[in-house]
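Work through the following exercises with the sequence and the model open beside you. Each task is followed by a solution that goes step by step.

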Amino acid sequence: MSTDTVIRAPKRRLRDRIPVVHQLRQSVGLQRGMLIAGLVLTGIFVFVAIFAPLIAPYGFAQLRDAAGPFGSQQPPSAEHLFGTTVGGYDVLSRVLWGAQTAILVIIIAVTLSLFAGVLLGLVSGYFGGWLDRVLVVLCDAIYAFPSLLLAIVMAIVISGGQSNLWGGVFAAAISITVVFIPQYFRVIRAETVRIKAEAYVESAKVLGASNSRVMFRHVLRNSTRTLPLIFTLNSSEAILTLAGLGFLGFGIEPTAAAEWGYDLNKALSDVSSGIWWTALYPGLAIVLVVLGITLVGESLNDLADPRLRGRRRVAQASGEVAETSVVPGGTLVAGPGGLAGLEDGESFDEHGIGVRS
Amino acid sequence: MRALLIIPTVFILVTLVFVLMRSTGDPITAKLGGQLPADQLAERIHAAGYDRPIIVQYLEYLGQIATGNFGTTLTDNRPVTEILFTYGAATLELAFYSLLVAFVIGIPFGLIAAYFRDKGQDASLRVFAILCYATPVFFAGLLLKLVFSVWLGWLPVAGRASVGAQLQMEVLPNKTGLYTIDAIMTGNPAVLGDVLAHAVLPAIALGLLTAGVFLRLVRTNVIGTLSTDYVDAARSRGVSEYRLVRKHAYRPALIPIITVIGLQIALLLGGAVLTETTFEWKGLGFMLAEYLQARDFVAVQGIVALLAVIVALTNFIVDIIAALIDPRVRY
């Protein structure tokens, strides 16, 4: 970063405002390495998901080709680079097609929870009152619940367990959505409560702006800072939850779509007899995709937090992002439990969540 | 004030589970639908009281839970609370060992990462922490099993103990269900060895997940305390770097860590379901997965509600511990 970012025009240029591009320019050294590695892995994932039909040698539910059936549990060979599963599917093809299922679930789950969580958080934080209190307690309760268990219950409710491609994808996605809504809710609500007290909101009200105008134009626009961050974190969690559901037998039927968790479930008995290829490849796919997305999220998180940004180059290019970080301690990524890393002496209250003492 | 919150939390979770599970229909149809003729099915539903208004059933359910009755399973007709006591011990044992693994790995590595902040050690440890999080516990479990049980043959493939050890523990007059303690009570070191050998892989698989969280947590918090004035002051007095990290920076960083452990319980229980299934570790999670497969939703609802209560209770206890340790936190 050179001087051109220091002397900034009143309105920041477009390339500084696009989330990831801006952070990429802002990062240095190891941080930049992690961000780039994450972006590359995520890029490969998206590419494979889109072009799976072209890349995969066979269909995800294909059992035979012109030369006859594939056979069950065949070791890796020239025809089947990753071998075949106990059900006689080609492992490589199912790994590649699995990316498509995963990305569909991510898109649906994150979009749904984003809309629901943001809307609820905005209304709750803006109007306050009993609705706010009820929603906060409700979200706290859901947040404390083991997310996988909640997802299982939702999967039972939605699909009774088993289903076709869209049924299964939606069941998994909605199950995950319910788990995610509280996260968006908490962040947006905390921001809304903070912004509501700002002078420009007051003046908008004095000028006679309607509630909805103030909410969506003045408050919402200023409270979306941390969303890209939660977005990436939730994407990785969505994949893990989907795989967990599949592993427990609440995923998608193998003939409807390829799903990594299901394949790992079927590989459970293979492992005991030393068959490694049916477990290794779908598992690696999960690890690499989650790793990639998490690296991106983690880097964005660190760059947004002045306390965690690389010490050598600090202030210049940080821009507005650094002003106030809602994410405490920078370890929101911490895992399905989220919100790890509350700073010294900090309680949930500071984020507008939790309970008053 | 905080103490009062546990009641609505438990209430909400139990209600949520009840409403969601019941919105699919009654458990008897879920279990036996299609297997029995319609009139027999209706008879059974009537006998179990599932044809009454849902609100009546709900109030009755709340009353039962208040007296500690979580229902009876459909498949094997056992009270859910009995399942808790039989299999809860196994889950408790697994959770204990995994937390041990998580502490042993997470805390020292977190300190190292914080001390070598932004250097090579830090970067590799952080990637390690992300890998811990990115690897689903069942995949970690499968890999560990493949390498250490199948290929190397060092450790048992699955289960909590081998048949011989299990028989020796069965005859104990007052067995606890916690195999480690039971094994010690048999006074036979071979039994204890067998029980511990069975616990190694599941504990590592589940422990690594939590270890990643602890590592990051310790790192972030110690970085915060390392830059405080009193650490600088201690350094200027000539306190060794090791002591500086170990005592001055680490101790104050402990409080937020304890707070977050409460949140990890939920993660740990979710992970336990997957770990127990992977290793056929007969705990609550394993049974939950079994009942899910059998579509025994009375059992599922009971176990899930119980786990919700456990999570709420643990969070409450952790809050109290945090308040006792930290004079600044007062509820």
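**Exercise 1. Determine how many helices and strands chain B has, and how its residues are distributed between inside and outside.**

Chain B has 14 helices and zero strands, where helices (H or I, at least four residues) and strands (E, at least two) are DSSP runs, numbered from the N terminus. Read along the sequence, the pattern is accordingly α-α-α-α-α-α-α-α-α-α-α-α-α-α. This is a predicted model, in which local features need pLDDT of at least 70 and side-chain atom pairs count only at pLDDT 80 or more, while totals for chains, interfaces and linings use all residues. Residues are numbered from 1 along each chain as its sequence is written, and chains are lettered from A and ligands numbered from 1 in the order in which they are written.

The next step is extent: along its principal axes, the C-alpha trace of chain B spans about 85 × 50 × 40 Å. For burial, a residue is buried if 20 or more other C-beta atoms lie within 10 Å of its own, exposed if 12 or fewer, and partly exposed in between, with C-beta atoms placed from the backbone. By this count, 45% of the 331 residues in chain B are buried. Finally, two residues are in contact if their C-beta atoms, placed from the backbone, lie within 7 Å; of the contacts in chain B with a separation of 6 or more, 72% are accounted for by residues 24 or more positions apart.

**Exercise 2. Describe how helix 5 and helix 6 of chain B pack, and which residues make the contact.**

Helix 5 of chain B covers residues 80-115 and helix 6 of chain B covers residues 120-134, and the two pack at an angle of about 140° with their axes 7 Å apart. Here axes are lines fitted to C-alpha atoms, for helices over the stretch in contact, and angles run from 0 to 180 degrees between N-to-C directions. Angles under 35 degrees count as roughly parallel, over 145 as roughly antiparallel, 65 to 115 as roughly perpendicular and the rest as oblique, and helix 5 and helix 6 of chain B are therefore oblique to each other. From helix 5 of chain B the contact takes B:Phe109, B:Ile112 and B:Ala113, and from helix 6 of chain B it takes B:Gln121, B:Asp122, B:Leu125 and B:Arg126. Sorted by class, these are four nonpolar, one polar and two charged residues, given that Ala, Val, Leu, Ile, Met, Phe, Trp, Tyr, Cys and Pro count as nonpolar, Asp, Glu, Lys and Arg as charged, and the others, Gly among them, as polar.

**Exercise 3. Place B:Val127, B:Gly164 and B:Glu280 in chain B, and decide whether each is buried, partly exposed or exposed.**

B:Val127 belongs to helix 6 of chain B and is partly exposed, with 19 other C-beta atoms within 10 Å. Its C-alpha atom is separated by 9.5 Å from that of B:Gly212, 85 residues apart along the chain. B:Gly164 is found in helix 8 (residues 163-170) of chain B and is exposed, with 12 other C-beta atoms within 10 Å. B:Glu280 sits in the loop between helix 12 (241-279) and helix 13 (284-293) of chain B, has a positive phi near 45° although it is a residue other than glycine, and counts as partly exposed with 13 C-beta neighbours inside 10 Å.

**Exercise 4. Characterise chain A, and say how many residues of its helix 9 are buried.**

The secondary structure of chain A comes to 13 helices and two strands, and 54% of its 357 residues count as buried. Helix 9 of chain A (residues 199-206) has eight residues, of which the number buried is zero, so this helix lies largely in the open. Just after helix 9 of chain A, A:Gly208 takes a positive phi of about 90°.

**Exercise 5. Find which residues have the most contacts inside the largest nonpolar core.**

A nonpolar core is a set of buried Ala, Val, Leu, Ile, Met, Phe, Trp, Tyr and Cys residues joined through C-beta atoms within 7 Å. The largest has 199 residues, and those with the most contacts inside it are A:Ile152, B:Ile303 and B:Ala308. Its largest share, 19 residues, comes from helix 10 (residues 189-226) of chain B. Leaving aside its neighbours within four places in sequence, A:Ile152 is in contact with A:Leu245, A:Leu248, A:Phe250 and B:Leu292.
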